[in-house]
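Reader: Hello! I would love a close look at a single part of this protein. Could you pick one piece and walk me through how it sits in its surroundings?

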Amino acid sequence: MAAAARLVDSGCTNPTIDDVAEEALVSRATVYRYFESTDDVLWQVYSDRHVPDAETSMSIAGDDLTRRVLAAEANVNDYLFGHQDGTRAFERVMLERRLQGRSTDDDRPGRRFHQIDAALAPLEGRVGPDELQLIRHALSLAIGSQAMVALLDTGRLDTDSAREVTRFACQAITGAAERLAENR
């Protein structure tokens, strides 16, 4: 996995088993002993990527909901937008696993939800559980790999403009969440 990660980080977003074996200084057979395909290697690489610790970020942000949500957005999107080819490769792998009937509930790591849930902790008890889930899922539209693909590839925005949109969306959702809490 370390060899595959080095390849991806160097710009090779679709390494072959031969590429991974060469980088790892092992045989193809050794790679196949642990992974059934390049997609499986890439899935492991991207599912294991490090995102900053949510609790530490939230303690720095304090109790201000907007600051907490923007910290969660930065924790996740800084990495994804900073590694665009890798993010697209991860999305491709996830879509291929789904299309081939090989997807599982554990395929998509819940990093964004770990971050979002930590950010929304001050809302617990201030809004109902259904409202909290609505807010949580609305934020997932602006925080995560699909937001990057939608804004950069479909929307044709540059990275700075796309990040402005994700932050704006997070602030708008947070504002709506605060109004829900005030009206409860």
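Author: Gladly; here is a look at one helix, with the whole protein as the setting.

Please keep in mind that this is a predicted model. The protein has 11 helices and 0 strands, and its C-alpha atoms fill a box of roughly 60 × 35 × 30 Å along the principal axes. Of its 184 residues, 42% are buried. Among the contacts with a separation of 6 or more, 70% join residues 24 or more positions apart.

Now to the helix itself, α9, which runs over residues 129-140. At 1.5 Å a residue, its 12 residues should span 16 Å, and the end C-alpha atoms lie 17 Å apart, so the two values agree.

Which residues of α9 are buried? They are L132, I135, R136, L139 and S140. These residues cover an arc of only 140° around the axis, which puts them on the same side of α9. An α-helix has 3.6 residues a turn, so residues three or four places apart point the same way. On the other side of α9, D130 and L134 are exposed.

And what covers the buried residues? The cover includes α6 (65-82), α8 (111-120) and α11 (159-182).

As for the outside of the protein, about 9,900 Å² is exposed, with carbon and sulfur atoms supplying 52% of that area. The protein carries 21 positive and 31 negative charges, and the mean positions of the two sets are 1 Å apart.

Definitions and conventions: Residues are numbered from 1 along each chain as its sequence is written. This is a predicted model: local features need pLDDT of at least 70, side-chain atom pairs count only at pLDDT 80 or more; totals for chains, interfaces and linings use all residues. Side-chain values use heavy atoms; hydrogens and water are left out. Helices (H or I, at least four residues) and strands (E, at least two) are DSSP runs, numbered from the N terminus. Buried means under 20% relative accessible area, exposed over 50%, partly exposed in between (1.4 Å probe, protein chains only). Contact means heavy atoms within 4.5 Å. Accessible areas come from the Shrake-Rupley method with a 1.4 Å probe; for residues, only the protein chains shown count as cover. Lys and Arg count as positive and Asp and Glu as negative; His and the chain ends are not counted. The place of a charge is taken as NZ of Lys, CZ of Arg, CG of Asp or CD of Glu. The expected span of a helix is 1.5 Å times one less than its number of residues. The arc is that of the directions from the helix axis to the C-beta atoms.
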